[in-house]
Amino acid sequence: MKPLAAATHRTGVASDLGGFGAVFDLKAAGFKDPVLVAGTDGVGTKLMIATQMDRHNTIGIDLVAMCANDLVVQGAEPLFFLDYFATGKLVVAAGRDIISGIAEGCRRAGCALIGGETAEMPGMYKPGDYDLAGFCVGAVERNAILAGDAAESGDVVLGLASDGIHSNGFSLARKVVEVSGAGLHDPAPFDSERRLGDILLDPTRIYVKSCLAAIKAGDIKGLAHITGGGLLENIPRVLPSGLGVAVDAGQWSIPELFRWIASAGGVTPTEMIRTFNCGIGMVIIVASDSADTVRSVLENEGETVFQLGTVVEVAKVDPEVVVEGLEDAWRN
C-alpha cells in the first residue's frame with residue numbers, strides 16, 4: 001500500500017504513511033485564508049457487483065469520486081483522502097486492486113492518499129465480501145466559497161456527461177438485472193461488445209480538475225453533484241429560495257444503459273430521473289454572459305457539455321426543478 005499512496009503525493013503532505021495520524025500543511029499548499037471542507041461517503045451496493053464479477057480495480061475510483069466531487073461543488077480543492085476497508089479476511093490480490101483504484105482516484109482528483117484503516121473482522125463479513133468508506137478533506141479561500149445562494153433568474157444551467165451509472169441507484173439496478181434474467185458475465189442486452197457487469201462497474205467520473213478550471217474562468221454561481229435523488233433533488237440544494245430550474249430533457253442524450261433499465265424494469269421516466277444521473281453527472285449554474293467561456297474551458301478539460309436550461313423564478317418558496325419533454329426524451 002505504501003508505494004500506491006506515495007504515488008499520490010502532492011504539495012502540502014508533511015508526513016509519511018504508517019504513523020498514528022497524517023499531517024498536512026495548508027500554507028505549503030498555497031492557501032492564505034482557507035476554510036476546510038470535509039466529506040465522507042461509500043459506494044453502496046455497487047460493491048456487490050464488483051464481488052460478483054471478481055473485479056476490484058475500479059471500485060476505489062468510485063470511492064474517491066463520491067467524496068471529491070462533493071467537495072468541489074463548494075469550490076474546494078480536494079487535498080487529502082483516507083479510506084476504511086473492512087473485510088472478514090484480507091485477500092491480498094483483491095486488497096491490492098482496491099487500494100490501487102483508490103490511488104488512481106486520488107490522482108484524478110489531485111489529492112493525496114495519506115492514510116486509512118484495513119480491518120479484518122471474521123464473522124462480520126462472508127468470505128469475499130467487504131465494505132469501503134472514504135473521507136476527503138479540501139480547502140477553499142474564504143472569499144471563494146460556493147454557498148448555494150448566488151444563483152439568479154436567467155443564469156444558464158450546464159450539464160456534464162456522466163460515465164454510466166456512477167455509484168447511486170444500484171439497489172434498483174440490481175433488481176432490474178435480476179427480474180430481467182440478464183447475466184452480469186454475458187454481453188449487455190444493449191451492447192454486444194461488453195459484459196453487462198463491466199458496464200455497471202464503469203467508475204464514477206471525477207469532475208474536480210475541470211470544475212476547478214471552470215471556477216477560475218467564469219462567473220460560476222453553483223455546482224451540483226448528481227448523486228442519489230438525481231436532477232430533481234440535487235439541483236435544488238444549490239439554489240436560493242424562490243428560484244427553480246427549467247430543464248429541457250431533449251438537450252442531452254440518455255445513454256442506452258438507462259433506457260434498458262427503464263424498459264426492463266418498467267421504471268417510469270420520472271422515477272428514473274429521480275433515482276439515477278441518467279447521463280448527467282454534474283450540473284453547473286453560470287452567469288449567462290460567462291456561459292460560452294465556461295463551456296469552452298470545460299470542453300478543453302475533456303468534458304462533454306450540454307446546455308440543459310435556465311434558472312427561473314418560481315412561486316414556491318422551496319427551489320424546484322421542472323423537466324420539460326421528459327416523456328418524449330425517453331421515447332426517442
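Is aspartate 198 buried or exposed? Select aspartate 198 and you will find it buried, with a relative accessible area of 13%. Here, buried means under 20% relative accessible area, exposed means over 50%, and partly exposed is in between, using a 1.4 Å probe and protein chains only.

Before going further, a word about the model. This is a predicted model, in which local features need pLDDT of at least 70 and side-chain atom pairs count only at pLDDT 80 or more, while totals for chains, interfaces and linings use all residues. Residues are numbered from 1 along each chain as its sequence is written, and side-chain values use heavy atoms, with hydrogens and water left out.

**Stop 1: the whole chain**

Zoom out and colour by secondary structure: the chain has 12 helices and 12 strands. Both are DSSP runs numbered from the N terminus, with helices (H or I) of at least four residues and strands (E) of at least two. The C-alpha trace spans about 55 × 55 × 35 Å along its principal axes. Of the 332 residues, 52% are buried. Among contacts (heavy atoms within 4.5 Å) with a separation of 6 or more, 84% join residues 24 or more positions apart.

Now colour by charge. You should see 26 positive and 42 negative side chains, with the centres of the two sets 5 Å apart. Lys and Arg count as positive and Asp and Glu as negative, leaving out His and the chain ends; each charge is placed at NZ of Lys, CZ of Arg, CG of Asp or CD of Glu.

**Stop 2: arginine 55 and aspartate 198**

Side chains of opposite charge can pair when their charged atoms come close. A search of the whole structure turns up 17 salt bridges, each defined as a side-chain nitrogen of Lys or Arg within 4 Å of a carboxyl oxygen of Asp or Glu.

Select arginine 55 together with aspartate 198: their side chains meet in a salt bridge, at 3.1 Å from N to O. Arginine 55 sits in the loop between helix H2 (46-53) and helix H3 (59-72), and aspartate 198 belongs to helix H6 (residues 196-200), so the pair ties together parts 143 residues apart in sequence. Arginine 55 is partly exposed, at a relative accessible area of 22%. Add Arg195 to your selection, and you have a network of salt bridges linking Arg55, Arg195 and Asp198.

**Stop 3: isoleucine 199**

Stay in helix H6 and click on isoleucine 199. This residue is buried, at 6% relative accessibility. Not counting residues up to four places away in sequence, isoleucine 199 touches Ala188, Phe190, Asp191, Arg194 and Leu257.

One of those neighbours, Arg194, is worth selecting next. Arginine 194 forms a salt bridge with aspartate 202, with the closest N and O atoms 2.8 Å apart. Arginine 194 is partly exposed, at 31% relative accessibility.

**Stop 4: glutamate 233 and arginine 274**

Select glutamate 233 and arginine 274 to see another salt bridge, whose closest N and O atoms are 3.5 Å apart. This pair links distant parts of the chain: glutamate 233 is in helix H8 (residues 230-234) and arginine 274 in helix H10 (residues 269-275), 41 residues apart. Glutamate 233 is partly exposed, with a relative accessible area of 42%. Arginine 274 is partly exposed too, at 33%.

**Stop 5: alanine 14**

Finish in the loop between helix H1 (2-6) and strand S1 (34-41), where alanine 14 lies. Alanine 14 is partly exposed, at 48% relative accessibility. Leaving out residues up to four places away in sequence, alanine 14 touches Val23 and Phe24.
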